[in-house]
Amino acid sequence: MTGVATSRRAFVVMAGSGLLLGLVPKSLRAREIHRQGHPFGDSLFRADQVPGDELVRRFLEIAPDGAVTVFSKHLDMGQGTWSGLASLVAEELDADWTKVRVLGAPVSDTAYANHMFQRQATGGSTSLANSWDELRRAGAVARAMVLAAAARSWDVPVEAISLRDGVLTHGARRASLGDFARDAADEDVPENVALKPRSAWRLLGQDTPRTDMPGKVTGQTKYGIDGAWEDMRHAVVARSPRFGARLLHADTRAARAMSGVEAVVEIPSGIAVIARTTWHALRARDALTLTWSDDGGETRSDAQIARDHRAAMDRQAPSWDDVRGDPAAMLARAATRVEAEFTFPYLAHAAMEPLALLGRFDGTRCKLRGGFQTQTDNRAQVAAILGIEAEAVELETVPAGGSFGRRAGFTGDWVVEFAQLLKAARASYPIKLTWTREDDMRGGHYRPLMVYAMEGGLDAQGRLLALDMRLAGQSVTGNSPYPKAPYRDITVLEGNFHDLYDHPHSRLRFFHAGAKVPVVTYRSISNNHTGVAKEIFVDRLARAAGADPVAFRLALLGAEPRQAQVLRVAAKAAGWDTPPPHGITRGVAVHRSEGSCVAQVAELSGSPEDFRIERIVSAVDCGLAVNLDTVRAQVEGGTGFGLSSALYGEINLDHGAARQGNFDGYRLLRMNEMPRRIEVHMVESADRPSGIGEPGSVPGAPAVINALERMGTAPVTHFPVFASA
């Protein structure tokens with residue numbers, strides 16, 4: 001779908017038998033969306049940066065039976081986004097929540113652009129904040145128009161009609177939203193509508209049941225990997241075992257001769273086999289004889305890459321160098337100096353649903369079905385490869401079984417590869433390309449390997465005098481449309497000690513260290529290493545100072561009142577000011593990311609060699625919590641995700657090839673290793689919603705590691721804490 005003509009009236013249309021609503025929320029133009037401290041800056045959340053007339057949207061449809069369909073411009077990857085967005089519409093529309101469903105919106109840069117990215121994309125935990133105004137207003141406008149249609153039909157004042165749970169009532173007369181959906185299309189679009197006050201909310205701020213749960217519980221939900229079109233064929237790709245290696249020779253004769261095989265074609269990433277079934281395709285792929293050249297490829301181990309990263313910090317000029325005060329002089333005067341080095345490994349996203357795409361190209365038009373996270377970029381990439389206009393590419397976005405950043409790659413490698421396959425195959429039938437678990441895990445595009453060197457100085461009273469922080473690694477913005485170095489690369493720097501703790505003498509340097517391993521965003525972007533390093537290091541400073549770790553942090557959070565507040569709330573809920581129960585050791589951490597603040601206190605029993613996480617007490621400030629149960633779930637799940645990454649996650653490279661290929665080698669936190677209890681305490685807030693899909697994944701790991709170090713374990717220098725065999 002393309003943008004709606006700028007001259008048309010804001011309200012559009014009947015689609016089939018339902019009501020399809022579009023609106024121009026002019027009042028948004030001067031409104032700045034609150035995103036305190038978001039790494040991309042407040043200006044990117046200003047709706048007035050979108051050309052006014054292009055704010056025409058299509059968000060909801062009311063069917064004759066009163067069912068309401070909400071079209072989401074954001075991808076749901078399991079985080080509950082679709083339910084949260086639908087609740088904004090349903091609240092203002094006063095719809096029957098049991099009759100609300102959500103579908104992915106078609107690709108349209110004008111109608112469905114993310115205000116933050118200026119393109120249709122999901123990421124940075126921005127979905128609810130991004131849609132807060134426009135979807136509530138869409139629901140309110142639709143409500144006003146349906147009421148106007150009912151008032152005209154019943155010949156009564158609008159004010160005399162009530163609407164609740166999708167039922168309109170006037171005296172003894174009752175009707176559903178659907179009864180007046182068609183007539184509502186003829187009503188004028190109100191320029192201004194009043195949104196409900198918080199006191200009138202019945203869905204927002206509650207434990208509203210998620211719309212996607214019944215389908216997921218019963219197995220009815222269809223993900224990208226479930227896609228099936230009539231007469232489709234199945235494809236798999238044989239890719240290079242080493243990143244950047246080049247195909248020298250391919251003997252495909254045996255594969256072509258196998259039953260069920262339709263075609264074998266060469267594409268830039270390797271050899272694609274197309275067959276009647278996935279099983280036929282996989283068997284034929286095994287029959288390929290391929291010769292690769294490592295010239296130009298990555299042949300180092302991950303250990304060697306880490307050593308090269310450390311060397312880059314000593315030999316290279318930094319890509320970013322930010323100095324406050326005179327940290328060198330203050331470090332020289334310090335009574336106590338604390339040093340630390342951390343190495344964070346490559347991490348695979350390991351989503352439950354491996355990558356898969358279904359599509360068809362007839363020579364002039366292309367249709368794709370999958371869990372798209374960056375639709376604007378994906379469409380442009382496909383159009384460029386197929387040599388057609390972007391408008392000739394249709395994307396059907398369906399829920400994804402996880403992503404954690406893998407689908408948000410700036411290069412869109414998995415979509416690009418599929419377009420190259422469609423082009424090479426020149427097939428008359430649809431094709432579904434499936435990545436096996438091993439394809440996905442060994443296919444690269446990992447969380448970058450990062451190396452840290454940190455030094456802090458304390459005065460005789462145990463106060464922080466100075467910090468010198470260096471980190472080296474790859475940026476995930478390589479080959480992206482974003483500006484290139486030198487610049488402040490938030491994808492590697494966001495959430496670091498230099499920025500989030502208040503101290504006058506500090507230096508931050510980033511060294512871009514090259515590697516041919518493809519890297520991409522990973523849940524919480526750089527916070528998954530900056531936040532972990534920050535909170536472990538500040539705890540060590542507190543121990544060196546002989547200070548209470550909560551009090552030590554609070555003394556450095558003068559410029560971060562929201563972080564200070566969640567820290568106080570978590571500490572109070574955990575009983576920090578009283579001795580822990582016998583056999584319990586506590587650790588604490590706090591962090592701000594994606595505009596939200598989370599503090600966690602971990603309680604561990606046992607010993608460093610055999611410990612148990614008994615309790616995680618969390619305090620969360622994510623602005624208004626649209627759905628309390630979803631916020632709790634995100635913090636609980638995020639805690640497990642962060643612990644899994646820090647304690648067990650790693651991708652190792654042998655001569656440039658990934659060693660791990662499935663969950664037997666890529667260790668995740670097991671169910672019996674999850675904290676016995678996770679408490680989530682919300683900090684009451686009147687602010688607009690901020691991110692919650694990622695912030696809960698950061699502080700749990702350093703809180704646990706701080707407790708382990710207080711138990712007496714050796715200071716952590718390498719991640720994961722427990723290395724793979």
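This passage describes the strand pairing, helix packing and cysteine geometry of a predicted model.

The central element considered here is an open sheet of seven strands with mixed pairing, in which the strands follow the order β11-β12-β9-β19-β16-β17-β18. The edges are occupied by β11 (261-267) and β18 (393-397), and because each of these has a single partner strand, one side of each is left without a neighbour in the sheet. From one strand to the next the twist averages 20°. At the β18 edge, strand β17 (residues 366-370) runs parallel to β18 and is joined to β18 by five bridges, with glycine 370 standing opposite threonine 397 of β18.

Two helices that pack on this sheet may be described together. Helix α6 (residues 278-286) touches β9 (233-239), β11 and β12 (270-275), and its direction makes about 25° with that of β9. Helix α10 (residues 413-425) likewise packs on the sheet, where its contacts are with β9, β11, β12, β16 (356-361), β17 and β19 (431-434), and its direction makes about 35° with that of β16.

Antiparallel pairing is found in two successive hairpins that share strand β7. Strand β6 (residues 162-164) is joined to β7 (residues 167-170) by three bridges, and arginine 164 stands opposite valine 167 in β7. Two residues lie between these strands, and in this hairpin aspartate 165 takes a positive phi near 50°. Strand β7 is in turn joined by four bridges to the antiparallel strand β8 (residues 173-176), with threonine 169 opposite arginine 174 of β8. The hairpin of β7 and β8 also has two residues between its strands, and here glycine 171 takes a positive phi near 60°.

A helix-helix contact is formed by α14 (residues 527-545) and α18 (residues 700-711), which pack at an angle of about 30° with their axes 9 Å apart, in a right-handed crossing. Helix α14 contributes Gly531, Val532, Glu535, Ile536, Asp539, Arg540 and Arg543, whereas α18 contributes Pro702, Ile705, Asn706, Glu709 and Arg710. The residues of this contact comprise four nonpolar, two polar and six charged.

A search of the whole structure finds zero disulfides. For cysteine 597, the closest cysteine sulfur is that of cysteine 622, at 10 Å, which is too far for a bond, since a disulfide requires a pair of sulfur atoms within 2.5 Å. Cysteine 597 counts as buried, at 0% relative accessibility, and cysteine 622 also counts as buried, at 4%.

Notes:
Residues are numbered from 1 along each chain as its sequence is written. This is a predicted model: local features need pLDDT of at least 70, side-chain atom pairs count only at pLDDT 80 or more; totals for chains, interfaces and linings use all residues. Side-chain values use heavy atoms; hydrogens and water are left out. Buried means under 20% relative accessible area, exposed over 50%, partly exposed in between (1.4 Å probe, protein chains only). Two strands pair if DSSP finds at least two bridges between them. Axes are lines fitted to C-alpha atoms, for helices over the stretch in contact, and angles run from 0 to 180 degrees between N-to-C directions. A crossing is left-handed if the near helix is turned anticlockwise from the far one by less than a right angle, and right-handed if clockwise. Contact means heavy atoms within 4.5 Å. Ala, Val, Leu, Ile, Met, Phe, Trp, Tyr, Cys and Pro count as nonpolar, Asp, Glu, Lys and Arg as charged, and the others, Gly among them, as polar.
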